[in-house]
Amino acid sequence: MEPIMSSGKKQFTKRGSDFGRNKKQARTNVHASGTKPLIKEESELPGLLKQTKEPLILVLDCIQDPHNLGACLRSANGAGVDAVIIPKDRSVPVTQTAISVSCGGAIHTPIFRVTNLARTLDQLKEHGICVAGTSDHKGTRNLYEADLTGPLALVLGSEAKGIRELTMKKCDLLLKIPMAGFVECLNVSVATGVCLFEVVRQRQVGAC
């Protein structure tokens, strides 16, 4: 009996080792396949806006951390965002880390890297899109009291400084997330998820 038990134990250990190795390889294969972000040319943005009846656009003004960018892209895709706009300068590029953290969001959501963000916001407004910024200290409208059911571009700023002054001037309204505790603000990726899914909630209620 002892040799059989010993053999069985060794076999179990080997199979367990193979299982762990195969599982790790499977994860590697998933991340290795189709890892190119869906980067679009800036000139393609007007065409996308014309094709979309009530667009929901996420604008990320100078995000610095690839993990935050990836998390924002993940929330954007989950909320059905039509496009994500980020400036080419002073913003982290869509790195492999951002792609991995996005869990497919960077691959399946159109991303536009624009030269002049202020000009792009003017372009959105010309297409009848309301530009709503977010600010912890300068926000004047409670997120949950604002009407976010129409065509909307939601703007969130960098981790340290928030939305830039020029970007803020282009916004039609400034939203704030009400905070109940000691903490004054949320991480930008968390705030992105909160804001986007409030838009989703309002649109679903309005459709009923």
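## A covered strand and its surroundings

Strand E3 is mostly covered, with five of its five residues buried. This is a predicted model, and E3 makes a handy starting point for walking through it.

Which residues of E3 sit on which side? Ala83, Ile85 and Pro87 are on one side, Val84 and Ile86 are on the other, and all are buried, leaving both faces of E3 covered. As background, side chains in a regular strand alternate between the two faces of the sheet.

### The sheet around E3

Zooming out, E3 belongs to an open sheet of eight strands in the order E1-E4-E3-E2-E7-E5-E8-E6, with parallel pairing. Strand E1 (39-40) and strand E6 (141-142) are at the edges with a single partner strand each, so one side of each has no neighbour in the sheet.

E3 (residues 83-87) runs parallel to strand E4 (residues 111-114), and four bridges join the two. In this pairing, proline 87 stands opposite valine 114 in E4. E3 also pairs with E2 in the parallel sense, this time over three bridges. There, valine 59 faces isoleucine 85 of E3 as its opposite number.

Which helices lie across these strands? Helix H3 (residues 66-78) lies across strand E2 (56-61), E3 and E4, and runs at about 175 degrees to E2. Helix H6 (residues 117-126) lies across E2, E3, E4, strand E5 (130-134) and strand E7 (152-157), at about 165 degrees to E2.

### Salt bridges

How many salt bridges turn up in the whole structure? A search finds five, including these:

| Pair | N to O distance |
|---|---|
| Aspartate 61 and arginine 164 | 2.9 Å |
| Aspartate 122 and lysine 170 | 3.0 Å |
| Lysine 125 and aspartate 172 | 3.5 Å |

Take the pair of aspartate 61 and arginine 164, whose side chains meet in a salt bridge. This pair links distant parts of the chain: aspartate 61 is in strand E2, while arginine 164 is in the loop between E7 and helix H7 (165-169), 103 residues apart. Is aspartate 61 buried or exposed? Its relative accessibility is 0%, so aspartate 61 counts as buried. Arginine 164, on the other hand, is partly exposed, with a relative accessible area of 31%.

Helix H6 comes back in the next pair, where the side chains of aspartate 122 and lysine 170 meet. Aspartate 122 is in helix H6 and lysine 170 is in the loop between H7 and E8, so the salt bridge ties together parts 48 residues apart in sequence. Aspartate 122 has a relative accessible area of 27%, which means partly exposed.

Lysine 125 forms a salt bridge with aspartate 172. Lysine 125 lies in helix H6 and aspartate 172 in the loop between H7 and E8, so this pair ties together parts that are 47 residues apart in sequence. Lysine 125 counts as partly exposed at 30% relative accessibility, and aspartate 172 is partly exposed with a relative accessible area of 43%.

### Two loops to look at

Threonine 35 is in the loop between helix H1 (2-32) and E1. Apart from neighbours within four places in sequence, threonine 35 is in contact with Gln96, Ile99 and Ile107. C-alpha to C-alpha, threonine 35 and isoleucine 99 are 7.0 Å apart in space, with their positions 64 residues apart in sequence.

Phenylalanine 182 is in the loop between strand E8 (173-176) and helix H8 (188-207). Why does phenylalanine 182 count as exposed? Because its relative accessibility is 83%, and the cut-off for exposed is over 50%. Together with Met179, Val183, Leu186 and Val190, Phe182 makes a nonpolar surface patch of about 500 Å².

Methods
Residues numbered from 1 in each chain as written. Predicted model: local features only at pLDDT ≥ 70, side-chain atom pairs only at ≥ 80, totals over all residues. Heavy atoms only, no water. Pairing = 2+ DSSP bridges. Contact = heavy atoms within 4.5 Å. Axes fitted to C-alpha atoms, helices over the stretch in contact; angles between N-to-C directions. Patch = residues over 30% accessible without salt bridge, like charges linked within 9 Å, V, L, I, M, F, W, Y side chains within 5 Å. Areas by Shrake-Rupley, 256 points an atom, 1.4 Å probe, with all protein chains shown as cover. Salt bridge = Lys/Arg side-chain N within 4 Å of Asp/Glu carboxyl O. Buried < 20%, exposed > 50% of the residue type's maximum accessible area, 1.4 Å probe, protein only.
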